[in-house]
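Biologist: Before I look at the fold, I would like to go through it strand by strand and helix by helix. Please show me the chain.

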Amino acid sequence: LPLDVTYGRGPFWNLSRPARLVANALGKGTPDTRFAARHMPFPDGTFDVTVIDFPYKLNGTPDPDVDERYGVEQVRTRDERHDLMYAGLAEGVRVTAPLGFVLFKCQDQVNSGRVWWQSRMFAEHAESLGCTHKDSLLKLGHRPQPEGRSQQHARRNYSTLLVLRTPKALPAEQLTLRGAA
């Protein structure tokens, strides 16, 4: 049974959608259930596959037409967005069956003049939770750099889908959220 933690309007499933899917949406969409990514209401090991595709926006000029669609209309700091992504990944690992898969989509990007290698950051976090990083799939983006803004750090944007295999067993101490006391 697959779970899509960040279903929203379902863009991850444009090409194919499984016959059975537990879909979550906090805002618009037609979810099966509603829950926060940090606190999923499922027992450990409920799903065979868990999909997590958080919004990538770390900063930038607010755009109400676009931001609301992706759940980033509220201004958050980069660190707040990263904390949510770390916590959501830990919860995704928790609710995925032993030797199941977590598909975690992220994007390397520039923020405050620094490159944030989010694909590495979250792969390393998953490994600290006992997961095995099985593969990475790159998807070339379709959005051009906004007019009037020079693109100094990259000529193309792409997202990375991390394919993570959950461990045989999940010790409780491994699932402690990053930064939690």
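Biologist: How many bridges join E3 to strand E4, and in which sense do the two run?

Modeller: This is a predicted model, so everything that follows is computed from predicted coordinates. In E4, Leu103 is the bridge partner of Val51. E4 covers residues 96–106, and E3 and E4 run parallel, joined by six bridges.

Biologist: Is strand E3 largely enclosed or largely open to the outside?

Modeller: E3 spans residues 47–53, and a residue counts as buried under 20% relative accessible area. Five of its seven residues are buried, so E3 is largely enclosed by the rest of the structure.

Biologist: Which residue in E3 does Leu3 stand opposite?

Modeller: Strand E1, residues 2–4, pairs with E3 in the parallel sense over three bridges. E1 is also joined to E2 by two bridges, and these strands run parallel. On the E2 side, the bridge partner of Leu3 is Val22. In E3, the residue opposite Leu3 is Thr50.

Biologist: What is the order of the strands in the open sheet, and which strands stand at the edges?

Modeller: The sheet is open, has six strands with mixed pairing, and follows the order E2-E1-E3-E4-E8-E7. Two strands have a single partner strand each, so one side of each is left without a neighbour in the sheet; these edge strands are E2 (22–23) and E7 (132–140).

Biologist: Which strands does helix H2 touch, and what angle does its direction make with that of E4?

Modeller: H2, residues 78–95, packs on the sheet. The strands it touches are E1, E3, E4 and E8 (158–165), and its direction makes an angle with that of E4 of about 155°.

Biologist: What angle does the direction of helix H3 make with that of E8?

Modeller: H3, residues 118–128, also packs on the sheet. It touches E4, E7 and E8, and the angle between its direction and that of E8 is about 10°.

Biologist: Are H2 and H3 roughly parallel or oblique to each other?

Modeller: Their axes come within 10 Å and cross at roughly 40°. The crossing is right-handed. His82, Met85, Tyr86, Leu89 and Ala90 in H2 meet Gln118, Met121, Phe122, His125 and Ala126 in H3. Angles under 35 degrees would count as roughly parallel, and H2 and H3 are therefore oblique.

Biologist: Which element gives the most to the largest nonpolar core?

Modeller: That core has 28 residues, and those with the most contacts inside it are Leu3, Phe42, Leu89, Phe104, Phe122 and Leu164. At least two residues come from each of E3, H2, E4, H3 and E8. The element giving the most, with six residues, is H2.

Biologist: Which residues is Phe104 in contact with, leaving aside its neighbours within four places in sequence?

Modeller: Phe104 is among the residues with the most contacts inside the largest core. Leaving aside neighbours within four places in sequence, its contacts are Ile52, Phe54, Met85, Leu89, Phe122, Thr160, Leu161, Leu162 and Leu164.

Biologist: How many residues does the other core have?

Modeller: This core lies apart from the largest one. Trp13, Leu21, Leu161 and Val163 are among its members, and its size is eight residues.

Biologist: What is the phi of Leu99?

Modeller: Leu99 lies in strand E4 and, at 40% relative accessibility, counts as partly exposed. Most residues other than glycine have a negative phi. In Leu99 phi is positive, near 65°.

Biologist: What distance separates the C-alpha atoms of Arg38 and Ala87?

Modeller: Arg38 lies in the loop between E2 and E3 and is partly exposed at 33% relative accessibility. Not counting neighbours within four places in sequence, it is in contact with Glu80, Asp83, Leu84, Ala87 and Glu91. Arg38 and Ala87 are 49 residues apart along the chain, and their C-alpha atoms are separated by 5.4 Å.

Biologist: Is Glu91 buried or exposed?

Modeller: Glu91 is in helix H2. Beyond four places in sequence, it touches Ala37, Arg38, His39 and Met40. Its relative accessible area is 11%, under the 20% cut-off, so Glu91 is buried.

Biologist: What share of the chain counts as buried?

Modeller: The chain has three helices and eight strands, in the pattern β-β-β-α-α-β-β-β-α-β-β along the sequence. Of its 181 residues, the share counted as buried is 39%.

Technical notes. Residues are numbered from 1 along each chain as its sequence is written. This is a predicted model: local features need pLDDT of at least 70, side-chain atom pairs count only at pLDDT 80 or more; totals for chains, interfaces and linings use all residues. Side-chain values use heavy atoms; hydrogens and water are left out. Buried means under 20% relative accessible area, exposed over 50%, partly exposed in between (1.4 Å probe, protein chains only). Helices (H or I, at least four residues) and strands (E, at least two) are DSSP runs, numbered from the N terminus. Two strands pair if DSSP finds at least two bridges between them. Contact means heavy atoms within 4.5 Å. Axes are lines fitted to C-alpha atoms, for helices over the stretch in contact, and angles run from 0 to 180 degrees between N-to-C directions. A nonpolar core is a set of buried Ala, Val, Leu, Ile, Met, Phe, Trp, Tyr and Cys residues joined through side-chain atoms within 4.5 Å. Angles under 35 degrees count as roughly parallel, over 145 as roughly antiparallel, 65 to 115 as roughly perpendicular and the rest as oblique. A crossing is left-handed if the near helix is turned anticlockwise from the far one by less than a right angle, and right-handed if clockwise.
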